[in-house]
Amino acid sequence: MDEEMKAKKKLIVNCDICDARKVKEEELKKFEKILVNADYVFVNQHSKPLLYNLPIQWNMDEMVQLEDEEDIEVSYYNGDFEINEAVPSSGKQLLYINGRLLLRPGAENAMKHFIRIYVNGMLSCPESMSAFASQISVNGSIEYYPDDYKILGNKFVMDRYFPIRAEAGGKYFSKEMEVTDSAIDMTLLREKGVHFKAKKVYVLEEKLQDCMKLFNEDVQFYVIPRGYCFVKQDVIFNNELLLKYGNRIYSKSNFMIEAKSREALQQLEGLQVNGTLYLPKEQMEELKQKDVCYKELEFIKGNIIFGKSMITIYPEAIAKEEISLVQCAMVQIDPEISSEEILKKICLINCSVVRCSREQRMAVESVGHKIALIESGQDKITKEVIEEGTQIVNTDRYVL
């Protein structure tokens, strides 16, 4: 008996789909423990009760009961994907989308054949089909649009030619719109009876009155004052930016002022930031003399390193200057940098992961703001030790 127990092994299955309709009970009882990590487990009337008599631990999203020979089509798609009334609707389907899923009115019958849809990105759904959103798992955002409106895209920038292209009596939807071209003929849009629906609109002050007649009553307008230049992307302020946009700027996103931006800052007259304003604390007095408003404020040190996916900070990087790392995914600090140097010369803001030594950790915690994870020495995440004799299976589809 002891020898029999020693011979027993453990089974770990990592898969998207585990088909347990033809489960072999006697064969699986040879395992002491079975761990199944799966998105979906397929069963039938015969196999479902048998599974409860087996030493199986389930980590799954859903168990689906099918007929013996019935199958499910599994599809993967990268990019924009549309489901409308013309999509073939035969058999049961699983759909994985890395991008945007657009549901069109009239796609109700097609949706009945999807047992589940996974979206890593965005779902655009007509208001009449909001009930179908329950069968869609979205890692991202969901927007609902009126059925009788044409979708212009998640973020639509109106150009000067759109009033000419727009249909008479046309209805258009976009979650966010920009009306920032002074040459747009808003009078022509009114004469055509065009109507827009949006959640928020960035609009030039001189276009605001006309826009209010064309949009839904509950829209949020973000008004760009007369004489200001609209900047939509994250920017680091310097002389080149000053030459390009002028000395009155409306920033839609994050606006960063470095220590070396002092000369350009002196020429700035007006600044409105709808995101976060980053600047060295010592430059705040200079900024107070300007016409400035902002949504959020973060103080930094020295000059900025912004938006890097992975970066390592070596001693020579801070030998002559202070630095601030902003919105970087992975930051690694060289062990040769002392805690005193970190406290004096480094600033960390909105970084996902910061790796450092155990000796550096306290200093990193002190200079870090909105850091998701700090990894230091033995504090790093480790994988569970797999016991000897464990059988591991990694596959897309597994038949149990």
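This is a short walk through the strands, salt bridges and a few single residues of the structure above.

Hi everyone. Before we start, this is a predicted model, so local features need pLDDT of at least 70 and side-chain atom pairs count only at pLDDT 80 or more, while totals for chains, interfaces and linings use all residues. Residues are numbered from 1 along each chain as its sequence is written, and side-chain values use heavy atoms, with hydrogens and water left out.

Let's begin with the sheets. Strands of a sheet pair through backbone hydrogen bonds, either parallel or antiparallel. When I name a strand or a helix, I mean a DSSP run, numbered from the N terminus: helices are H or I with at least four residues, and strands are E with at least two. Two strands pair if DSSP finds at least two bridges between them.

One open sheet has four strands in the order β4-β5-β6-β7, with parallel pairing. Which strands stand at its edges? They are β4 (72–83) and β7 (136–145); each has a single partner strand, so one side of each is left without a neighbour in the sheet. On average, neighbouring strands here are turned by 25 degrees against each other, direction ignored. For such angles, axes are lines fitted to C-alpha atoms, for helices over the stretch in contact, and the angles run from 0 to 180 degrees between N-to-C directions. Inside this sheet, β5 (residues 92–103) and β6 (residues 114–126) run parallel and are joined by 10 bridges. If you want a pair to find on screen, look for tyrosine 96, whose bridge partner in β6 is tyrosine 118.

Now scroll further along the chain. Another open sheet of four strands, again with parallel pairing, has the order β22-β24-β26-β28. Its edges are β22 (310–313) and β28 (373–376), each with a single partner strand, so one side of each has no neighbour in the sheet. The twist from one strand to the next averages 15 degrees. Between β22 and β24 (residues 330–333), which run parallel, there are four bridges, and methionine 310 has methionine 330 as its bridge partner in β24.

Next, meet β23. In a regular strand the side chains alternate between the two faces of the sheet. Buried means under 20% relative accessible area, exposed means over 50%, and partly exposed is in between, using a 1.4 Å probe and protein chains only. Strand β23 (residues 323–326) is covered on both faces: Ile323 and Leu325 are buried on one side, and Ser324 and Val326 on the other. Four bridges link β23 to the parallel strand β21 (residues 303–306), with asparagine 303 opposite isoleucine 323. β23 also pairs in the parallel sense with β25 (residues 346–349), over four bridges. There, isoleucine 346 is the bridge partner of isoleucine 323.

On to charges. Side chains of opposite charge can pair when their charged atoms come close. For us, a salt bridge is a side-chain nitrogen of Lys or Arg within 4 Å of a carboxyl oxygen of Asp or Glu. How many salt bridges does the structure hold? The count is 21.

Take aspartate 210 and arginine 190, whose side chains meet in a salt bridge at 2.6 Å, N to O. Aspartate 210 lies in helix α7 (residues 208–212) and arginine 190 in helix α6 (residues 186–191), so the pair ties together parts that are 20 residues apart in sequence. Arginine 190 is partly exposed, at 32% relative accessibility.

Glutamate 375 also forms a salt bridge, with arginine 355, and their closest N and O atoms are 2.9 Å apart. Glutamate 375 is in strand β28 and arginine 355 in strand β26 (residues 353–356), so this pair, too, links parts 20 residues apart in sequence. Is glutamate 375 buried or exposed? At 11% relative accessibility, glutamate 375 counts as buried, while arginine 355 is partly exposed at 29%. There is a network of salt bridges as well, linking Glu176, Glu178, Lys200, Lys232 and Lys252.

Let's finish in β28, where we also find serine 376. Serine 376 is buried, with a relative accessible area of 1%. A polar contact of 2.9 Å joins its side chain to that of arginine 361. A polar contact here is a pair of N or O atoms within 3.5 Å; within protein, one must be able to donate a hydrogen and the other to accept it, and residues adjacent in sequence count only if both atoms are side-chain atoms.

Thanks for listening!
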